[in-house]
Amino acid sequence: MTELVTLTDVRAAAADLAGIVRRTPLEPSRDPVLDGVHLKCENLQRAGSFKIRGAYMRVSHLTEAERALGVVAASAGNHAQGVALAASTLGIRCTVFMPESAPLPKVAATKGYGAHVILGGHTVDDALESAHRFAAETGATLIHPFDHRDIVAGQGTIALEILEQMPETGTIVTAVGGGGLIAGIAAAAKQLKPGIRIIGVQAEGAAAYPHSLAAGRPVRLDKMNTIADGIKVGRPGDVPFAHVARLVDEIVTVTEEDISRALLSLLERNKLVVEPAGATAYAALLNYSVEYDAPTVAVLSGGNIDPLLLMRLIEHGLGASGRFMRANLRCADRPGALASILQLVGAYGGNIVDVYHQRSDPRLSVGEVAVDLSIETRGSEHATEIVAALRDAGYFVSVEGPSI
């Protein structure tokens, strides 16, 4: 049986990390539906996520002989940056394997911290296999993203900060990928406050923990699909799994739409830029997947997001909340027909973002044109009202869901 990380281990990690990591703020949520919820802003941490905590702990414990041979890591971005920053701080050579789909800003930031980056494979698991081979060939020490006691102890320092900042905390909700973050938080929080609830959140398209917990051992997913690249992990780590199985109260999942809405809410109401993986805990609270004991803390685990993805997610979040829609219409091909449509939408308070007008669709009848409208609305009820008005006016209308 895997020996669990102790409170003594986590406190020792906190001492080692003093002056290395930032004590991130604990801010109240400004969303009125989340009364009693606070946000642990690890998106404001050095290198943009909580990963520097565990990475520095692991790298700093290497022997001089190990340091001389360098370190290697595999990551979609946040762990890569954490290891690169830790290695550069300690003067150690660092190589990082990243999936080909890794966001460009994360790749650039990892290189900026002095790491040699090698792109390859489609997932973090692919990159991890390459990192294992590199370690075997060169003698470099593999700094695993989550499956090591030092990593878990480092991440657990977040719980120490939360319970120092708000001792009355009743529930901590956090994202789960491989499990290092929630394992560390649970190890520290449950020893400090046994009655506290610890809840993990996974993306619905990359939820390895429910199957693994049911099986009683880590089980690899056959496939994954999620915008939350930071928690897109196919198999739980052995060390984190032991902690989660014994200490975590519940694991829930959220959809892509839930994540998009959460990211938009954090941006609009809390003025915080958070990446999809970092918003999953908040998403589970927003969609009422979690019954929590106030005060509750949602850990915003990272803020490293590609601006282009952020643009698409904002549109997706607006669509999911009914504030943005794409309407496809058919109308007669005659002068003034398009103007009539635009006038009607405007009369009902819709703001047209763009218009695409075409005659070449083979599904159209002779003398008919297709019009695609992107419309900003005040919400789902307003969007429904506009569509009803168009249909009442005799137009054939279909509405597309948001796309990423």
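This is a short talk on one predicted protein model, from its overall dimensions down to a few single residues.

Some ground rules. The model is predicted, so local features need pLDDT of at least 70 and side-chain atom pairs count only at pLDDT 80 or more, while totals for chains, interfaces and linings use all residues. Residues are numbered from 1 along each chain as its sequence is written, and side-chain values use heavy atoms, with hydrogens and water left out.

I start with the whole chain. The C-alpha atoms fill a box of roughly 80 × 50 × 40 Å along the principal axes. The radius of gyration is 24 Å, and a compact globule of 404 residues would be near 22 Å, so the two agree. That radius is taken over C-alpha atoms, and the globule rule is 2.2 Å times the number of residues to the power 0.38.

On secondary structure, there are 15 helices and 14 strands. These are DSSP runs numbered from the N terminus: H or I with at least four residues for helices, E with at least two for strands.

Next, the surface. The protein exposes about 16,800 Å², and carbon and sulfur atoms supply 51% of that area. Accessible areas come from the Shrake-Rupley method with a 1.4 Å probe, and for residues only the protein chains shown count as cover. As for charge, the mean positions of the 36 positive and 44 negative charges are 2 Å apart. Lys and Arg count as positive, Asp and Glu as negative, and His and the chain ends are not counted. The place of a charge is NZ of Lys, CZ of Arg, CG of Asp or CD of Glu.

How much of the protein is buried? Of the 404 residues, 57% count as buried. Buried means under 20% relative accessible area, exposed over 50%, and partly exposed in between, with a 1.4 Å probe and protein chains only. For contacts, meaning heavy atoms within 4.5 Å, I looked at pairs with a separation of 6 or more: residues 24 or more positions apart account for 73% of them.

Now the interior. In soluble globular proteins, nonpolar side chains tend to be buried together. A nonpolar core here is a set of buried Ala, Val, Leu, Ile, Met, Phe, Trp, Tyr and Cys residues joined through side-chain atoms within 4.5 Å. Which members of the largest core touch the most others? They are Val71, Ile172, Ile185 and Ile198, in a core of 62 residues. Not counting residues up to four places away in sequence, valine 71 touches ten residues named here in full: Leu62, Val83, Ala87, Ile92, Arg93, Cys94, Thr95, Ala140, Thr141 and Ile143. A second, separate core has 35 residues, including Ala203, Leu285, Leu300 and Leu313.

Helix 10, residues 238-247, has Val239, Pro240, Phe241, Ala242, His243 and Val244 buried. Their cover includes helix 7 (149-165), helix 8 (180-192), helix 9 (208-215) and strand 9 (250-254). Glycine 180 is in helix 8 and is buried at 3% relative accessible area. Leaving aside neighbours within four places in sequence, glycine 180 is in contact with Phe146, Val152, Gln155 and Pro240, and Pro240 is one of the buried residues of helix 10. From glycine 180 to lysine 51 is 129 residues in sequence and 9.5 Å in space, C-alpha to C-alpha.

Helix 6, residues 124-138, gives two cases. Is valine 124 buried or exposed? Valine 124 counts as buried, at 12% relative accessibility. Its C-alpha atom is 5.6 Å from that of serine 75, 49 residues away along the chain. Alanine 136, also in helix 6, is exposed at 69%. The C-alpha atoms of alanine 136 and alanine 13 are 28 Å apart, with their positions 123 residues apart along the chain.

Last, backbone angles and loops. Most residues other than glycine have a negative phi. Alanine 47 has a positive phi of about 65 degrees; alanine 47 is in the loop between strand 2 and helix 2 and is buried at 11%. Serine 49 is in that loop too, between strand 2 (37-41) and helix 2 (51-60), and is buried at 1%. Its contacts beyond four places in sequence are Glu42, Asn78, Ser301, Gly302 and Asn304. Tyrosine 288 also has a positive phi of about 65 degrees, but tyrosine 288 is exposed, at 60%. Tyrosine 288 is in the loop between helix 12 (280-286) and strand 10 (296-300).
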